[in-house]
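Biologist: Before we discuss any assignment, I would like you to show the model, and then to justify each label by setting a value against its cut-off.

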Amino acid sequence: MKKLVVGVVIAAVVVLAGAWALAPVFTAQSLVRAAKAGDEQRLEQLVDFPALRESLKDELNAELLTRMRRDPRVAESGLGGLGMILAPMLLSGAVDAVVTPEVVAKMVTTAEAPDPTRRQPSEPNDATDHGDDIHQAWGYRDLNHFAVTLTDRDHPDQRLALILERRGAFTWKLAAVDLLLEPGA
């Protein structure tokens, strides 16, 4: 009887540890399926939009400032400094308006961060056309962060990492992005 109880306890611990370790994989798979299906309600459940918006603002601001510093026209212009001050404020408002479940679905199916400077609406079939060309790499960054790195096979130098954060023992939400661009991109 004692061996049976010990066996049941060990089995329960193994099952719980497995569920704990695999929870972000199941969440990421659910996120990808919801994005491909265009299920906005499910995406709203899987995404922490305020945290995602802040992360995207940080990533896009860093990329914008890097590009502005490399551009000799901005560096030589007297208004370049003003542009570097105003650009993050303008980008912030644009990101707040642009990041929606539909845009998250497009990010997942195209491996591209939203471009808040573009005003043209996305075409409905656009996301489904690129879904099969996206390579996905999955892995833990640490115990509370799991990354799904998306790479469009046509643009292997541009990768988008969707960062899931742990929210409780078995709950994960998309809360951040990393724009992983090669130095020359």
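Biologist: Why does Ala-111 count as buried?

Modeller: This is a predicted model, and in it Ala-111 has a relative accessibility of 8%; because buried means under 20% relative accessible area, Ala-111 counts as buried.

Biologist: Where does Ala-111 lie, and what is its phi?

Modeller: Ala-111 belongs to the loop between helix 6 (101-110) and helix 7 (126-130), and its phi is positive, about 60°, although Ala-111 is not a glycine.

Biologist: How many helices and strands does the protein have, and what pattern do they follow along the sequence?

Modeller: There are seven helices and four strands, and reading along the sequence gives α-α-α-α-α-α-α-β-β-β-β.

Biologist: What makes the pair Arg-167 and Asp-48 a salt bridge?

Modeller: The closest N and O atoms of Arg-167 and Asp-48 are 2.8 Å apart, and because a salt bridge calls for a side-chain nitrogen of Lys or Arg within 4 Å of a carboxyl oxygen of Asp or Glu, the pair is called a salt bridge. Arg-167 sits in the loop between strand 3 (158-166) and strand 4 (172-181), whereas Asp-48 sits in the loop between helix 2 and helix 3, so the pair ties together parts that are 119 residues apart in sequence. Asp-48, Glu-165 and Arg-167 are also linked in a network of salt bridges.

Biologist: Which of the labels buried and partly exposed belongs to Arg-167, and which to Asp-48?

Modeller: Buried means under 20% relative accessible area, exposed means over 50%, and partly exposed is what falls in between. Arg-167 has 31% relative accessibility, so Arg-167 counts as partly exposed, while Asp-48 has 18%, so Asp-48 counts as buried.

Biologist: How do you know that Asp-96 and Lys-57 meet in a salt bridge, and what does the pair tie together?

Modeller: The N to O distance between the side chains of Asp-96 and Lys-57 is 2.8 Å, and because the cut-off is 4 Å, they are said to meet in a salt bridge. Asp-96 lies in helix 5 (residues 80-98) and Lys-57 in helix 3, so the pair ties together parts that are 39 residues apart in sequence. With a relative accessibility of 38%, Asp-96 counts as partly exposed, whereas Lys-57, with a relative accessible area of 7%, is buried.

Biologist: What makes Glu-63 and Arg-67 a salt bridge, and where do these residues lie?

Modeller: The closest N and O atoms of Glu-63 and Arg-67 are 2.7 Å apart, and because the pair need only be within 4 Å, the term salt bridge applies to them. Both residues lie in helix 3, four residues apart, which is about one turn of the helix. Glu-63, at 18% relative accessibility, counts as buried, and Arg-67, with a relative accessible area of 47%, is partly exposed. The structure holds six salt bridges.

Biologist: Why is Val-148 called buried, and what does Val-148 touch?

Modeller: The relative accessible area of Val-148 is 3%, and because the limit for buried is under 20%, Val-148 is buried. Val-148 is found in strand 2 (residues 145-152), and, leaving aside residues up to four places away in sequence, Val-148 touches Ala-28, Ala-137, Trp-138, Leu-160, Ala-161, Leu-162 and Leu-164. The C-alpha atoms of Val-148 and Leu-164 are separated by 8.0 Å, and these residues are 16 residues apart along the chain.

Biologist: Why does Ser-55 count as buried?

Modeller: Ser-55 has 12% relative accessibility, so Ser-55 counts as buried because that label means under 20%. Ser-55 lies in helix 3 (residues 49-70), and, not counting residues up to four places away in sequence, Ser-55 touches Ala-175, Ala-176 and Val-177.

Biologist: Which residues gather in the patch of negative charge on the surface, and why is Glu-40 called partly exposed?

Modeller: The patch gathers Asp-39, Glu-40, Glu-44 and Glu-102. Glu-40, which lies in helix 2 (residues 40-46), has a relative accessible area of 39%, so Glu-40 is partly exposed because that label covers the range between 20% and 50%.

Notes
Residues numbered from 1 in each chain as written. Predicted model: local features only at pLDDT ≥ 70, side-chain atom pairs only at ≥ 80, totals over all residues. Heavy atoms only, no water. Patch = residues over 30% accessible without salt bridge, like charges linked within 9 Å, V, L, I, M, F, W, Y side chains within 5 Å. Areas by Shrake-Rupley, 256 points an atom, 1.4 Å probe, with all protein chains shown as cover. Lys, Arg positive; Asp, Glu negative; His and termini not counted. Charge placed at Lys NZ, Arg CZ, Asp CG, Glu CD. Helix = DSSP H or I, 4+ residues; strand = E, 2+ residues; numbered from the N terminus. Buried < 20%, exposed > 50% of the residue type's maximum accessible area, 1.4 Å probe, protein only. Contact = heavy atoms within 4.5 Å.
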